[in-house]
Amino acid sequence: MGLTFSLRRKEIVEGQPMVSEVQERWPALFSCEQISQEFCRITSKDLLESFRGSLDIYVPRLLRLYRARKGAFGQKMEDVLDALDEKTSDILTHRKTAALRGLPIFVRDDTSKFFLQCSASDTEEQVIRDATVAILSVHEDDDALNAVNVAVVLEGAIILQDLPDLCTAFAYLFGLLYTMNIDYPKEMFYTFEAVQCIFFDLGSRCSQRIRSLRTKLQL
C-alpha cells in the first residue's frame, strides 16, 4: 500500500469518491492496520499511540472540567458522569469512554446522530441507514450498559466492527476521516477539531472554542 500511496491520495483528494467506491478500488485499505499506516503516511503520527497517549494526559483533566461545570450542560453531562460513577470494574476504560462521550457535550456539539446504539436483536441497517459519520454500540437485549460490538460507520455503512471499545473506535474513525479526506460533520465539528488540535497536535489554527478548551486543559 505504501508504493501506491501517491496515486491513491491523488484519487481521493481530487476525485472525492464515495467511501464505497474507494472500498471497491482499494479494499486492503479498510483494515485497522492499513488505516493506521495510511494515517501515518499523511500525518507522520502513530494513530493509536498518539490517541491513547493523549487520553492518558487529558482524561483526568477533562473529567475534572466536566464535574466542575456540569450544571452548565444539563442532564446529558449528568448522565455521562453518573454512568461513570456506577462502574466498579475496568475503571480506566470507562473513564476514557466518559471523557469522549462528554467532550461533544462540553463543546456544544450534537451527538444525536453520532453515538448510535442498538440491541443485538435489532436490525443494524435501520439504525445506521442515515448516518454519515458515526460510532455504533451494539448491546445484548438485557444489558444496555456493556457493548458486545463497537463499529465505525461512514455513509450509512459499517466500515469496521468488533472493535474492543469506544476509544478504539473513535481513533480509527478519526483515522478514516483523514484517510478518506472527509470533512468533519457539522454537528460534531468542534469535537473532531479538539481531537485534531489537542489530541494529535495537527494543524496550526483552530477555533476560539477549541483554543479556550486547550487553555483550560493546560491549567
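Contact here means heavy atoms within 4.5 Å. Keep that cut-off in mind for the tour, and remember that this is a predicted model.

**Stop 1: helices H6 and H8**

Select residues 91-106, which form helix H6, and residues 166-179, which form helix H8. The two helices pack with their axes 9 Å apart. The angle is about 50°. That makes H6 oblique to H8.

Now show the side chains at this contact. On the H6 side, pick Lys96, Thr97, Leu100 and Arg101. They meet Leu166, Cys167 and Phe170 in H8. Colour these residues by character: four are nonpolar, one is polar and two are charged.

**Stop 2: strands E1 and E2**

Move to strand E1, residues 115-119. Add strand E2, residues 133-140. E1 and E2 run parallel, and five bridges join them. To find your place in the pair, label Cys118 and Val138: Cys118 stands opposite Val138 in E2.

Is E2 largely enclosed or not? Seven of its eight residues are buried, so E2 is largely enclosed by the rest of the structure. Buried means under 20% relative accessible area.

**Stop 3: Asn149**

Keep Val138 on screen and select Asn149. Asn149 sits in strand E3, residues 143-154. Its relative accessible area is 9%, so Asn149 counts as buried.

What does Asn149 touch, leaving aside residues up to four places away in sequence? Show Glu124, then Leu136, Ser137 and Val138, then Gln161, Asp162 and Leu163. Val138 is the residue that stands opposite Cys118 at the previous stop.

Zoom in on Asp162. Its backbone nitrogen lies 2.6 Å from a polar atom of the Asn149 side chain. Draw a distance line between the two atoms to see this pair.

**Stop 4: two loop residues with positive phi**

Go to Ser44. Ser44 lies in the loop between helix H3 (32-43) and helix H4 (47-68). Ser44 is not a glycine, yet its phi is positive, at about 65°. Is Ser44 buried or exposed? Its relative accessibility is 64%, so Ser44 counts as exposed.

Finish at Asp201. This residue is in the loop between helix H9 (189-199) and helix H10 (208-218). Asp201 is a residue other than glycine, and its phi is positive too, near 55°. With a relative accessibility of 55%, Asp201 counts as exposed. The cut-off for exposed is over 50%.

Definitions and conventions. Residues numbered from 1 in each chain as written. Predicted model: local features only at pLDDT ≥ 70, side-chain atom pairs only at ≥ 80, totals over all residues. Heavy atoms only, no water. Buried < 20%, exposed > 50% of the residue type's maximum accessible area, 1.4 Å probe, protein only. Helix = DSSP H or I, 4+ residues; strand = E, 2+ residues; numbered from the N terminus. Pairing = 2+ DSSP bridges. Axes fitted to C-alpha atoms, helices over the stretch in contact; angles between N-to-C directions. Parallel < 35°, antiparallel > 145°, perpendicular 65-115°, else oblique. Nonpolar A, V, L, I, M, F, W, Y, C, P; charged D, E, K, R; others polar. Polar contact = N/O pair within 3.5 Å; in protein donor to acceptor, adjacent residues only side chain to side chain.
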